[in-house]
Amino acid sequence: MTLKELQTFIDEQDALFRSVKTASQTERERVLARTVKISEEFGELCDEVLASLGDQRAGKMDGRSAESLADEFADVVITTFLLAKSMDVDVPEALARKIEQIKAKHNKQLQS
Ligand SMILES: [Mg+2]
């Protein structure tokens with residue numbers, strides 16, 4: 001999947017939520033709900049990381065599949081893109097800019 005395909009999916013999900021699921025929310029409520037949702041999904045990712053290391057109690061190990069860890073990474077990315085959409089942040093553009101900053105910083109460190 002490309003970032004463009006992901007952004008198209010996010011745009012479709014955002015439109016769906018705005019028209020049906022969260023149609024009554026104000027933009028402020030939508031931003032806050034999406035922020036909390038990232039926290040929830042990040043917690044689930046942490047659970048899966050601990051489980052994959054064998055550091056979860058037996059009850060939390062039930063129902064895990066080979067895809068559970070990857071699914072939680074995907075949930076974190078999707079919820080992050082949805083929040084960014086609500087806040088008019090272009091994540092692919094931000095990633096490109098940030099990667100250039102990181103590369104420049106590393107190049108500077110290698111030269112010193
Ligand atoms: Mg999840």
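1. Helices, as counted here, are DSSP runs of at least four residues, and strands are runs of at least two, both numbered from the N terminus. On that basis this model, which is a predicted one, has 5 helices and 0 strands in its chain. Read from one end of the sequence to the other, the pattern is α-α-α-α-α.

2. On overall form, a reader new to the structure may begin with the radius of gyration, which is 18 Å for the chain, whereas a compact globule of 112 residues would have a value near 13 Å. The C-alpha trace spans about 50 × 40 × 25 Å along its principal axes. Buried residues account for 7% of the 112 residues in the chain. Where contacts join residues at least 6 apart in sequence, 71% of them are between residues at least 24 apart.

3. Helix H2 covers residues 27–52, and its length can be checked against an expectation: because each residue should add 1.5 Å, its 26 residues should span 38 Å, and the distance of 37 Å between its end C-alpha atoms agrees with this. After H2 comes Gly54, which has a positive phi, near 80°.

4. How do H2 and H4 lie relative to each other? Their axes come within 8 Å and cross at roughly 160°. Since angles over 145 degrees count as roughly antiparallel, H2 is therefore roughly antiparallel to H4. The crossing in which H2 passes H4 is left-handed.

5. A second packing involves helix H1, which runs over residues 3–21, and H4; the axes of these two helices are 10 Å apart and the angle between them is about 65°. H1 and H4 are therefore roughly perpendicular to each other, and H1 passes H4 in a right-handed crossing. The residues that meet are Leu6, Ile10, Gln13 and Asp14 on the H1 side, with Phe81, Leu82 and Lys85 on the H4 side. When looking at such a list, it helps to recall that an α-helix has 3.6 residues a turn, so residues three or four places apart point the same way.

6. The loop between helix H4 (68–86) and helix H5 (91–111) contains Asp88. The phi of Asp88 is near 55°, which is a positive value in a residue other than glycine. Is Asp88 buried or exposed? Because a residue with 12 or fewer other C-beta atoms within 10 Å is classed as exposed, Asp88, which has 6 such neighbours, counts as exposed.

7. Helix H5 may be given the same kind of length check: at 1.5 Å a residue, its 21 residues should span 30 Å, and its end C-alpha atoms are indeed 30 Å apart, so the two values agree. As for its surroundings, the number of buried residues among the 21 of H5 is 0, and H5 therefore lies largely in the open.

8. Within H5, Pro92 deserves a separate look. Pro92 has 14 other C-beta atoms within 10 Å and is therefore partly exposed. Which residues does Pro92 touch, leaving aside those up to four places away in sequence? They are Leu3 and Gln7. Pro92 can also be placed relative to Glu41: the two are 51 residues apart in sequence, and their C-alpha atoms are 21 Å apart in space.

Conventions:
Residues are numbered from 1 along each chain as its sequence is written. This is a predicted model: local features need pLDDT of at least 70, side-chain atom pairs count only at pLDDT 80 or more; totals for chains, interfaces and linings use all residues. The radius of gyration is taken over C-alpha atoms; the globule rule is 2.2 Å times the number of residues to the power 0.38. A residue is buried if 20 or more other C-beta atoms lie within 10 Å of its own, exposed if 12 or fewer, and partly exposed in between; C-beta atoms are placed from the backbone. Two residues are in contact if their C-beta atoms, placed from the backbone, lie within 7 Å. The expected span of a helix is 1.5 Å times one less than its number of residues. Axes are lines fitted to C-alpha atoms, for helices over the stretch in contact, and angles run from 0 to 180 degrees between N-to-C directions. Angles under 35 degrees count as roughly parallel, over 145 as roughly antiparallel, 65 to 115 as roughly perpendicular and the rest as oblique. A crossing is left-handed if the near helix is turned anticlockwise from the far one by less than a right angle, and right-handed if clockwise.
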